Amino acid sequence: MDKIYRFLMDDANVRGEYAQLSSAWQELTACSDYPAPVKKILGEALVAVALMSATIKFKGSLSIQLNNGNPVNLLIVQATSDGGLRGMARWKGDVEDIDPTMTNLLGSDATLVITVEPEPGQGERYQSIVNLDGETLAECLMAYFEQSEQLKTRLELAVSDTTAAGMLVQRLPGDAEDTDGWNRASMLAETVKSEELLTLDVETLLHRLFNEESVRLFDGEPLRFQCSCSQEKVDNMLSSMGRAEADSMLKEKGSIEVDCDFCNTHYSVDEIDLERIFSEGLIAGNDSVH
Ligand SMILES: [Zn+2]
């Protein structure tokens, strides 16, 4: 089962997380035919967003987005506070044989956008946009933590066809009793092999890496692939577009086809659906005023 585990090294004032995704990763990649280099960065991003979302203390979501890249022109992954994950990537041209470095996949104009989106009434939306600074996604995210959050962080990510896994250790603010603890924790974390992240259970992994450290491991929390698309959202989108525009779209093609980018669910809207949407739309319109 896909899970995320938290652990603490109390004396060193260091927190850690470890996540291993199998079915969520397989379900996500079944939605689209991703070339290997795109699959690698998408898997790394999916694990990273799961690890980063574990620190959210409210109901809502966290997303990582890579914009304006070339050939990968859009990559977005999202995690909700209750363990739902989704993500997708778009690319141009033939990328099958690219060596999957950040420069090769994204070029020099891409930006990294981190968005924290609490549910209504749970706090302020927060967005941070930074330039890519590193040859791997993990390096770029570590640079983000250092620059934007002033948090020393070590992030290790690994992806195979069937599994995506990763570990994050982070120096918490404030003084530590064990002043050298962070240095040791980050150096030990850096020694982890991809194979270990992808295949070991959490107890074995932590024992291998930190057997001389005092580590407090918490119960794992489940993660799953979950898309938030629905017929209702498609209806709402058309409703906000307005009757005239929806009618002309329908006339042009005979039906309105909408594909969810995240899960490939296909929504088809015909004339009868439009009647339904716009008779309901009157009520929805009134609601949105308040
Ligand atoms: Zn969907």
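This is a short walk through three places in the structure above. Keep in mind along the way that the model is predicted.

Let us start at the surface. Asp97 sits in the loop that runs between β5 (84–91) and α3 (102–106). With a relative accessible area of 73%, Asp97 is exposed, because anything over 50% counts as exposed. Asp97 also has company there: together with Asp33, Asp94 and Glu96, Asp97 forms a patch of negative charge on the surface.

Next, move to strand β4, which covers residues 72–80 and holds Asn73. Here the relative accessible area is 25%, so Asn73 is described as partly exposed; that label applies between the limits of 20% and 50%. Which residues does Asn73 touch, leaving aside those up to four places away in sequence? They are Leu66, Asn67 and Asn68, along with Arg90, Trp91 and Lys92. You can also look from Asn73 across to Gly107: the two are 34 residues apart along the chain, and their C-alpha atoms are separated by 9.6 Å.

The last stop is helix α5, made of residues 181–190, where you will find Ser186. Is Ser186 buried or exposed? Its relative accessible area is 12%, so Ser186 is buried, since the buried class takes in values under 20%. Setting aside residues up to four places away in sequence, Ser186 touches Arg154 and Val169.

Taken together, the tour has gone from exposed Asp97, by way of partly exposed Asn73, to buried Ser186.

Notes: Residues are numbered from 1 along each chain as its sequence is written. This is a predicted model: local features need pLDDT of at least 70, side-chain atom pairs count only at pLDDT 80 or more; totals for chains, interfaces and linings use all residues. Side-chain values use heavy atoms; hydrogens and water are left out. Patches are made of residues with over 30% relative accessible area and no salt bridge: like charges are joined within 9 Å, nonpolar side chains (Val, Leu, Ile, Met, Phe, Trp, Tyr) within 5 Å. Accessible areas come from the Shrake-Rupley method with a 1.4 Å probe; for residues, only the protein chains shown count as cover. A salt bridge is a side-chain nitrogen of Lys or Arg within 4 Å of a carboxyl oxygen of Asp or Glu. Lys and Arg count as positive and Asp and Glu as negative; His and the chain ends are not counted. The place of a charge is taken as NZ of Lys, CZ of Arg, CG of Asp or CD of Glu. Helices (H or I, at least four residues) and strands (E, at least two) are DSSP runs, numbered from the N terminus. Buried means under 20% relative accessible area, exposed over 50%, partly exposed in between (1.4 Å probe, protein chains only). Contact means heavy atoms within 4.5 Å.
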